[in-house]
Structure formats: structure tokens, C-alpha cells
Amino acid sequence: MKKDDLMNKSKIIALTIASSVAIFAAGCANSAEVAGNTAETEASVSEEAEAEDTAITDNSAEETSEEAAEADADAEDSADTTDQAAEEIEEQLPILKDCVEQKMGCRFGCAITGQEPWDVKLWNLVTEQFNCVTLGNELKPDSLFGYSNAKCPGTEEVELNGETITVPVLNFKNPEKILNKILKWNEANPDKALQVRGHVLLWHSQTPEWFFHEDYDKEKPYVSAEVMDKRQEWYIKSVLEHFVGEDSEYKDLFYGWDVVNEAISDATGTYRTDTERPDEDLLQDTHGGNSSWWHVYQNESFIINAFKYANKYAPESLELYYNDYNECDAKKRAGIIELLTAVKEAEGAPGEGTRITAMGMQGHYGINGPTNAEVEASAKAYGKVVGNVQITEWDMSASDEFDSADPDLVTKEYENQRKMYNLQYYGLFAAQNSGDVKITGITFWGTIDKYSWLQFRSNVGGGNKTGASQCPLLFDNNYEPKPCFYVFTQTE
């Protein structure tokens, strides 16, 4: 990169920061649906890895002529200059986790899933800019059953509370692959160690339908609530003991766990039932909207039970959460508050009552909202019930007019995105300053745009429903910070 280009890029960065400060000040003055398609993500990363391997192989061929040797020397000098310039630019980038810690006093994380941790450029961003991660899919029930969604992967007998019960075989290899990488990283880089958020124990989606039926066969009748209680306790016990039990090699990685996910209905603002989506067959392998948990129990007792079992088997140091989306909608917010209140009222000692540490506001927002006032009001409302709030899956859907192939529309979208992120961040800041809530974590649902779940279609919890391109995160497809990156570098 030429020196003039470097200076121009530095000027652009400086202007963006100044603009963010101005918008943030204006914000102060004006204050008043999950499971990604990881197969396509993995394929994309794998293709890039193969391309890089090919490039390395091609460039390693020996050049025997003197002219070729001189050309190589010139190219090497050029590459050194470019690398040095890139390093100078990288050194100018603020470190987000440090800035957010200074401003909000909380963790700052991102989601990683599939082959993303083996994308070297992405991994460098994760380990430099964030201090915690959420595994996007690997700790969900379908993953821990080996993605055997159509048929139970096999059974075994275990003892639970003095009784022998038959349970499905669990498979921990998917999360362990990533967790082992994090363990090695932390050992080698204690100053940049990553923590992990567990996601998720109980969810209507990405839980195989056979789990709710006799003999783990969805063609047979549903089991009783009493039988399901045992299955639920066994599952929560097994997962928590494996990852955070006293003898687990992973126990020091985890700071918290989502116990229950998305149990409130968008349509009614009350508990999600087995008829949330009348056109969705309850016997399909996994669900997007309908809850087989509700079908078995016909009430919300399974939610209370989940928090009781989590409290029973989790170490006291592990934070426990409820997590939901569309959480700034007033009607749905009322239903979430009802759920949180019920969990709080059942609190008690391990083995007797529930425990809940925070409400997880997912933060799947859009370019048109929610406003800073709505974010602030929601965070304060949840804080009054449970004390702590976290943004757990933050991203931003693009406007209908966005077209990634049109440079002018990209520039316009990036600017509007920066403004909205700025206002929403201010909403969190204002809520915390009110004294009604403590913001204890902010996590983005991904790192670079091209790997976002919003780029892909999914029938089990949201994703891209239109096929339109998206730009929801802090870094673009070239791993470069976007204007919205600088919103989170403000420290005052």
C-alpha cells in the first residue's frame, strides 16, 4: 500500500470516529428466530481454505532464472511494505473489548460456529477484539444428539435419583472441537483468554421431535409430563456435568449458560404453545415455531423445572439466563416479564428452587429500530425483575433497498446502520446510568458479514427469508471494520 493510500485510509478512520462522536452526542440529546445454516458457512470457509492452500503451493515453486529471482526479491520487498502498512493501520484500530469495558464495565463477545474458528483472519479478529464467545449451534440439543434429528441415535441406561432410566446417547464432539481450540489458545495467550457462554439447554427449536415420544420414536405417543421431567433433568444434568462439572477440563471456560430460550410467543405475548404456527406439523423432525415442550405439559412448569435443574447441577459461579428475541416489543416484553417473575418467585437453594442471573435480550434488530428509547425502556423493565441484562445476539437486518452490488447503496446503508447502532448503544448506556439495571454483557451474533446467519435461509428459528443480501455485523466481508465498529470504541 502506498504511503498516500495509508494516510487517506487513516483520514477516513478519523472522520468516521469523529462522525460517530457527533451522532452519539445527538443520541444523548434526543434520548427519550435462531439457528443458522452452518453447512453453507462451513462450505464457504472450506473453499477459502482450499484456495489459500493452492496459492501457497503455487507460490512455493522454485524459480531458477536470475530474472525470476530478481522479480521474487522485488515482490518480497513490496509484500513487506504492504504488510508493514497493514500492521500500522491495524495498530490504529481501538480494541473493542477494552473500550466497552471502560464505558459499560461488561464482557464483549461474538458468536462463532462451524468452521469459523479455523478461518485465520476471523480468529485473529475474535481473539483481538473480543473476550468471550458463544458457540452458535454446537451446544444446542440437536448437535449434542449428533444431528440425528430424524431418528434417535441409540439409547443407554443411566441412573437418576436412584432410578434406572433409558436415555438417548449424547455426542459432545461438535462443541469439544471448538472448545479444545479455545483451551489451547488460552494456555498460550493468557492475556487474551476467551470465556464461553453456553447456549442453550431448553429450546423448542433444534430439539429433535423424537425426544418427546415413547421409546424415542416420534411415530409413538407423547410421553407423560412425569416421564419428560426425568428426561429433562437427565439432559441438563449430563450437559452441565460434562462441561462445568468438577472433573471437566472445560469447567473454567464457561461464565454462564442460557437455560431457556424463546419461550414467549410473538403473536400472543404469552407463553409459546404447540399451535404458535398452525401450518407447522408438530411431528416434523424439528420445529421453527411450535413447542413440543408445551404439548407435553400444557403449561409453563417445564420452564420452572429447567431453572431448578440448572440450579441443582450448575456450580454457583455459573451464571444462568433466560434468552429471547423481539424483546423490545411492548406486548412480548410483558410476557417475558411474567416468565422472569415466575422464575424469580421460585428461587431457592440448589435442589430446591430456581436461580436466574440475567435476562438475555437477543438484539436481532433492524435498520429502522427499535429506537434508543425502546431499548432503554426494555432493559430497565427487565432489570427491575432480575437485576442484570445482557445483549446476547446483536446484529442488524438491512433495509429493503440495500444492494451489496451497488456502492452508493452500500455507503448509505453503512451510515444508517452506524446511526442506529449508535442510538441503541446509547439506550443501553442510559438504562445502566438510571440505576434500574446492570448491563453485564454484549455479544454480537457473528463477526464478519458473509458468515452471518442472516445470509442463509433456515426453517428452525429465523434466518434469511427473502434471499436479499445482508450486512449485519461490525466487520465487512473483507474482515475490515465498518463505520458501526467505531460506535463501540467510544469510552464516555
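1. Strands, as named in this note, are DSSP runs of type E with at least two residues, and helices are runs of H or I with at least four, both numbered from the N terminus. One residue placed in this way is Val200, which is found in strand β5. The peptide bond that joins Val200 to His199 is cis, with omega at about 10 degrees. The model is a predicted one, and every remark below should be read with that in mind.

2. A second cis peptide bond runs from Gly369 to Pro370, where omega is near 10 degrees. Pro370 belongs to the loop between β9 and α12, the latter covering residues 372-386.

3. Two residues deserve a look for their backbone phi. Gln206, although not a glycine, has a positive phi of about 60 degrees, and its place is the loop between β5 and α8. Since buried means under 20% relative accessible area, Gln206 at 4% relative accessibility counts as buried. Tyr479, likewise a residue other than glycine, has a positive phi near 70 degrees; Tyr479 lies in the segment after β11 and is buried, with a relative accessible area of 11%.

4. Strand β10, residues 388-397, is mostly covered, with eight of its 10 residues buried. With strand β8 (residues 358-361) it pairs in the parallel sense over four bridges, and Ala358 stands opposite Asn388 of β10. Strand β9 (residues 364-366) also pairs with β10 in the parallel sense, here over three bridges, and the bridge partner of Tyr365 in β10 is Met396. The pairing of β10 with strand β11 (residues 438-444) is again parallel, over five bridges, with Val389 finding its bridge partner in Ile439 of β11.

5. Glu393 is found in strand β10, and a reviewer may want to inspect its surroundings. Is this residue, Glu393, buried or exposed? With a relative accessible area of 1%, Glu393 is buried. A polar contact of 3.0 Å joins its side chain to that of Asn323, and the C-alpha atoms of Glu393 and Cys110 are separated by 7.9 Å although the two residues are 283 apart along the chain.

6. The largest nonpolar core holds 110 residues, and of these Phe254, Tyr322 and Phe488 touch the most other members. Leaving aside residues up to four places away in sequence, Phe488 touches Leu96, Cys99, Val100, Phe108, Trp394, Tyr421, Tyr425, Phe444 and Leu474. Apart from this core lies another, of five residues, among them Ala398, Phe402, Tyr414 and Cys471.

7. For the aromatic rings, the count comes to 34 pairs under a rule that asks for ring centres within 6.5 Å. In one of them, Phe211 and Trp293, the centres are 6.4 Å apart and the planes stand at 75 degrees, so the pair is edge-to-face. Phe211 lies in the loop between β5 (195-203) and α8 (225-244), while Trp293 lies in helix α9 (residues 292-297), so this pair ties together parts that are 82 residues apart in sequence. Phe211 and Trp293 are both buried. By contrast, the rings of Phe254 and Trp257 have centres 4.7 Å apart and planes at 20 degrees, so that pair is stacked; Phe254 and Trp257 are buried as well.

8. Phe211 and Trp293 also appear in an aromatic cluster, whose other members are Phe145, Trp210, Phe212, Tyr216, Trp234, Tyr235, Tyr297 and Phe302.

9. Helix α5 spans residues 120-129, and within it Leu122, Trp123, Leu125, Val126, Thr127 and Gln129 are buried. These buried residues pack against α4 (96-104), β1 (107-112), β2 (132-135) and α7 (173-188). At the N-terminal end of α5, Asp119 acts as a cap, with a side-chain oxygen lying 3.2 Å from the backbone nitrogen of Lys121.

10. Two lysines place their charged ends over tryptophan rings. That of Lys181 sits over the ring of Trp123, at 4.8 Å from its centre, and Trp123 is one of the buried residues of α5. The charged end of Lys177 sits over the ring of Trp118, at 4.9 Å from the ring centre.

Terms used
Residues are numbered from 1 along each chain as its sequence is written. This is a predicted model: local features need pLDDT of at least 70, side-chain atom pairs count only at pLDDT 80 or more; totals for chains, interfaces and linings use all residues. Side-chain values use heavy atoms; hydrogens and water are left out. Buried means under 20% relative accessible area, exposed over 50%, partly exposed in between (1.4 Å probe, protein chains only). Contact means heavy atoms within 4.5 Å. A polar contact is a pair of N or O atoms within 3.5 Å; within protein, one must be able to donate a hydrogen and the other to accept it, and residues adjacent in sequence count only if both atoms are side-chain atoms. A nonpolar core is a set of buried Ala, Val, Leu, Ile, Met, Phe, Trp, Tyr and Cys residues joined through side-chain atoms within 4.5 Å. Rings of Phe, Tyr and Trp (its six-membered ring) pair if their centres lie within 6.5 Å; planes under 30 degrees apart count as stacked, over 60 as edge-to-face and the rest as tilted. A charge sits over a ring if NZ of Lys or CZ of Arg is within 6 Å of the ring centre and within 35 degrees of the ring normal. Two strands pair if DSSP finds at least two bridges between them.
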